[in-house]
Amino acid sequence: MSLIYRSTRNGEETASASEAILKGLTSDGGLFVPDCIPKLAVSLEDLTKMSYQEIAYTVMKEFLTDFTEEELKNCIQNAYDSKFDTEEIAPLVKVGNAYYLELFHGSTIAFKDMALSILPHLLVTSARKNHVENEIVILTATSGDTGKAALAGFADVPGTKIIVFYPKSGVSPIQEKQMITQKGENTYVIGIKGNFDDAQTGVKKMFSNKELKEIMNSKGYQFSSANSINIGRLVPQVVYYVKAYAEMMKNGALKAGEPMNVVVPTGNFGNILAAFYAKQMGIPIGKFICASNENKVLFDFFQTGEYNRKREFFVTSSPSMDILISSNLERLIYRIAGNDPVQCAAFMNALTQEGTYTITEEMKAQLSEFFGAYATEEETAAKIKAVYEAEKYVMDTHTAVAAAAYDKYMAESNDKTPAVIASTASPYKFTRSVMDAIDPAYDAKTDFELVDELCKISKVCVPNAIEEIRTAPVLHDTVCETEAMETEVRKILGL
Ligand SMILES: *Cc1c(COP(=O)(O)O)cnc(C)c1O
């Protein structure tokens with residue numbers, strides 16, 4: 001049976017999975033949601049005998065119903081291979097009273113790799129299925145992590161080019177080095193003299209430029225986006241929660257059917273929504289603990305039912321969660337509004353126009369499985385230090401936000417349900433904040449000196465992703481004014 005995807009904002013628009021992947025957003029700016037969340041076709045016991053790739057196929061075939069078995073298995077084999085530095089792909093590690101699901105073993109050492117290593121293959125397959133002859137040009141603005149993960153995912157994928165814009169003075173030295181040393185004949189990285197918002201605005205302008213679209217089409221190109229609202233990024237993220245549950249059964253922490261809690265450091269709400277989908281598929285999950293940093297718009301939302309983005313923006317040590325508009329929350333809003341696109345669209349319009357909306361009491365009552373918590377900068381740093389001292393386990397700042405939020409949940413609930421904490425980045429990606437948390441004296445050292453110090457104090461050796469960029473040659477050195485972004489794209493494509 002084929003699964004239909006609908007728009008969260010209008011009842012008319014539908015798409016197949018491959019069409020939804022190609023389009024990214026619906027034509028009215030809404031998100032694609034599956035008509036219903038399919039159930040797993042295998043038992044929980046069966047899952048314990050399966051590899052990551054096998055579980056990936058079992059989960060994803062239920063969502064991507066217009067892909068053939070061969071197509072989907074090819075995508076999975078090309079994505080979850082030796083690019084990951086562990087055969088398990090997403091290992092589960094017990095530390096103290098919690099289990100850490102390490103989602104950072106891919107090529108750019110952050111959890112974005114879990115989805116961005118397969119998205120290019122899903123996209124190219126979708127293009128072929130829908131008889132798209134054009135070459136796909138991925139256009140992305142990045143504040144650091146997404147850009148590199150997208151570059152790594154699309155590098156040398158036939159039928160695609162990827163162009164990434166980043167704020168020249170707005171990313172960390174390691175993040176910049178990761179991007180400007182990117183290999184691949186089809187990769188382009190451009191620094192702009194502006195901030196992330198300028199880059200984002202410039203990209204959006206090009207997406208909606210009709211004249212540009214026509215010229216591109218005549219030259220055999222079309223734009224697509226690797227944005228986290230693409231269903232092709234969400235679906236692969238369901239897989240690791242299913243795998244985590246199987247691992248919890250295997251290690252004896254749970255018997256089949258017993259619940260586990262999940263704790264997710266949240267920004268755009270994609271990762272935690274994937275966990276929610278895993279539950280609808282049949283994985284027994286108790287609570288979804290949604291962890292925020294000082295940008296705690298989601299914490300406030302779960303407390304009060306009001307989503308309010310009109311607030312001060314804080315730059316924190318967990319930058320990938322410095323977000324005031326959690327785009328994927330729209331999919332949950334649609335659901336708790338009884339799958340009503342009219343009501344959902346009204347909330348989203350209010351958010352755009354007034355900066356706030358408040359859900360109804362009936363809607364709020366459906367959020368009882370969610371628990372919002374947040375950690376301050378001090379609490380985050382203290383958690384890194386405490387776990388390091390007690391367990392010799394070094395975690396990154398984003399994971400530490402989740403671990404600190406879990407402590408707060410435990411203090412309030414005393415819930416004995418075993419918990420899995422999503423560990424979203426390697427500590428090597430945010431070395432300075434991590435080492436400063438352990439001992440402020442480290443701050444005097446350079447970034448690469450800190451890498452070596454971290455290697456000394458942790459049991460984990462320096463990941464390839466970091467080792468490579470120490471000596472890698474710079475391959476991209478274009479810098480442009482914000483106004484010249486389109487000119488650069490035209491140059492690259494020969495328009
Ligand atoms: C993107 C990101 C997050 C937030 O994930 P969402 O799916 O946007 O909620 C958390 N941690 C890290 C390291 C990330 O890169």
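What follows is a chat about the sheets, helices and ligand of this predicted model.

Author: Quick ground rules: residues are numbered from 1 along each chain as its sequence is written, and side-chain values use heavy atoms, with hydrogens and water left out. The model is predicted, so local features need pLDDT of at least 70 and side-chain atom pairs count only at pLDDT 80 or more, while totals for chains, interfaces and linings use all residues.

Reader: What makes strand 6 and strand 7 a pair?

Author: Two strands pair if DSSP finds at least two bridges between them. Strands here are DSSP runs (E, at least two residues), numbered from the N terminus, and helices are runs of H or I with at least four. Strand 6 (residues 135-141) and strand 7 (residues 160-167) are joined by six bridges, so they pair, and they run parallel. For instance, Ile 136 has Thr 160 in strand 7 as its bridge partner.

Reader: Why are strand 9 and strand 16 called edges?

Author: The five strands of this open sheet go 9-6-7-8-16, with parallel pairing. Strand 9 (221-224) and strand 16 (478-481) each have a single partner strand, so each has one side without a neighbour in the sheet. From one strand to the next, the twist averages 30 degrees; angles run from 0 to 180 degrees between N-to-C directions, using axes fitted to C-alpha atoms, for helices over the stretch in contact.

Reader: Which strands does helix 9 lie across?

Author: Helix 9 (residues 196-207) lies across strand 6, strand 7, strand 8 and strand 9, at about 150 degrees to strand 6. Contact here means heavy atoms within 4.5 Å.

Reader: What makes strand 1 and strand 2 a pair?

Author: Strand 1 (residues 5-7) and strand 2 share two bridges in the antiparallel sense, and at least two is the rule, so they pair. Tyr 5 stands opposite Ala 15 in strand 2.

Reader: How do you know that Thr 424 makes a polar contact with the ligand?

Author: A polar contact is a pair of N or O atoms within 3.5 Å; within protein, one must be able to donate a hydrogen and the other to accept it, and residues adjacent in sequence count only if both atoms are side-chain atoms. An N or O atom in the side chain of Thr 424 is 2.8 Å from a nitrogen atom of the ligand, so the pair qualifies. A backbone N or O atom of Asn 271 lies 2.9 Å from a ligand oxygen, so that pair qualifies too.
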